[in-house]
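The following questions and answers walk through a protein model, with its sequence and fold on display for reference.

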Amino acid sequence: MAMILRNLRLATMQDGGAPYGLIDRGAVAIEGDRIAWAGPEAEAPAGDSLDMGGRLMTPALIDCHTHVVHGGQRAREFEMRLNGASYEEVARAGGGIVSTVAATRAADEDSLLAQALRRVDQMLAEGVGTIEVKSGYGLDIDTELRMLRAAHRIAQARPVQVVTSFLGAHATPPEYKGRDAAYLDEQVIPALRAAHAEGLVDAVDGFCEGIAFSPAQIERVFAEARRLGLPVKLHAEQLSNLGGAAMAARHGALSADHLEYLDAEGARAMAAAGTVAVILPGAFYTLRETQAPPIQALRDAGAQMAVATDCNPGTAPMTSLCLAMNMACTLFRMTPEEALAGTTRISAKALGLSDRGRIAPGLRADLAVWEAEDPAELAYRAGPTPLHQRIFGGNLGR
């Protein structure tokens, strides 16, 4: 027998039709871990029912870009910068990514998991049902694998699905300074092979930027991903335009992320390839950047846009996907409907997942019921909209 949740304002996030795919007085039938039926309450099938009090239901949110597994925090360097310290002074004091790499290497798997769960719990309290988690703060074989193992254990400890991305090509560690090629050959590619053999990797990521890796270097990593049968994605055009997004599109990337310096040609290449543009306003805000991603150019090209937290210790120490939606609207002029689609239907596409992100028969019953009536409320508040109930795999109250 199906469980019927009735008396809902149902934001199905189905593409086309009414904004948000909204059904004003709707109902959802759940059988097992799947949605059996969704539509107007007057047409609901028979079954035990729960009155949801006219509240708003959306698909559970999907955070498609996070670095939630890492050691330590960087509040001290945040304070140093605000007190006038330069980037070089922060680095000499042990700050920057080097400090996170050191803290992550020093942490065992249990510690990495315990630290990550504190952040994940905050995400789940805001209706998140799926989280992407990257490696990339180990920068050696053993620590990259340890990060990915900890990421997989999140889904054993909490009712959430975790999708993992291997990000060994995140930065060159101090011991390989000036030897990027050697780092890729001796650490990144062997770590990727080992992680794949252990079943720890769902996708392969990289950081294509002047302070990280060139498009040609990233293509070497992508070639290995293709050999292993893994999809790719890319941090691209965050600080400059190296053509990384267009290169990622040529490789059929699931997504290209950040994109502040993306040009119209890159936007068209992404749209043609079906590569999702992942917008990350938390890093833009934290770094006090002034060049926003070209939202209108992405719209004009027909590229799909997702929104994520980029949760990380240095440039986006935030866990609130609702706040990310608000920032995407306030800072970048995305619409609330674009922001909600970007954390549901389109973020699912950015992870290569076709079984979630909408409210429709046959999809996973990962749902969020909010103390709200209007879908725009989720992006309207500078902070979370109160969550009434989170449903994960058909289990109410999880």
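A nonpolar core is a set of buried Ala, Val, Leu, Ile, Met, Phe, Trp, Tyr and Cys residues joined through side-chain atoms within 4.5 Å. The model discussed here is a predicted one.

Q: Which helix gives the largest share of the largest nonpolar core?
A: The largest nonpolar core has 105 residues, and those with the most contacts inside it are Val69, Ile154 and Val204. The largest share of this core, eight residues, comes from helix α12 (residues 321-332).

Q: How many residues does the other core have?
A: Leu10, Ile23, Ile30 and Met52 are among the residues of another core, which lies apart from the largest nonpolar core. The size of this other core is 14 residues.

Q: Which residues does Val204 touch, leaving out those up to four places away in sequence?
A: Val204 is one of the residues with the most contacts inside the largest nonpolar core. Not counting residues up to four places away in sequence, Val204 touches Phe166, Leu192, Val221, Phe222, Ala225, Leu230, Pro231, Val232 and Lys233.

Q: Why do the buried residues of α9 lie on the same side of the helix?
A: In helix α9, which spans residues 264-273, the residues Gly266, Ala267 and Met270 are buried. They lie on the same side of α9 because they cover an arc of only 100° around the axis. An α-helix has 3.6 residues a turn, so residues three or four places apart point the same way. For the buried residues of α9, the arc that puts them on one side is only 100°.

Q: Which exposed residues does the opposite face of α9 carry, the one turned away from its buried side?
A: The buried residues of α9 are covered by elements that include α8 (244-250), β10 (255-258), β11 (276-279) and α11 (295-301). On the face turned away from this buried side, the exposed residues are Glu265, Arg268 and Ala272.

Q: Is Ala277 buried or exposed?
A: Ala277 is found in strand β11, and this residue touches Ala256, Leu259, Met270, Leu298, Gln304, Met305 and Ala306, not counting residues up to four places away in sequence. With a relative accessible area of 0%, against a cut-off of under 20%, Ala277 is therefore buried.

Q: Which element gives the largest share of the lining of the second largest pocket?
A: The second largest pocket has a volume of about 290 Å³, and of the 20 residues that line this pocket, the closest to its centre are Asp15, Glu338, Ala341, Arg345 and Ile346. The elements that give two or more residues to the lining are α13 (336-342) and α14 (345-350). The largest share, three residues, comes from α13.

Conventions
Residues are numbered from 1 along each chain as its sequence is written. This is a predicted model: local features need pLDDT of at least 70, side-chain atom pairs count only at pLDDT 80 or more; totals for chains, interfaces and linings use all residues. Side-chain values use heavy atoms; hydrogens and water are left out. Buried means under 20% relative accessible area, exposed over 50%, partly exposed in between (1.4 Å probe, protein chains only). Helices (H or I, at least four residues) and strands (E, at least two) are DSSP runs, numbered from the N terminus. The arc is that of the directions from the helix axis to the C-beta atoms. Contact means heavy atoms within 4.5 Å. On a 1 Å grid over the protein atoms alone, a cavity is a set of points where a 1.4 Å probe fits but cannot get out, and a pocket is an open set with protein on both sides within 12 Å along at least five of seven lines; lining residues have an atom within 4 Å of a point. Grid points are joined across faces, edges and corners, and a volume is the space filled by probe spheres set on the points.
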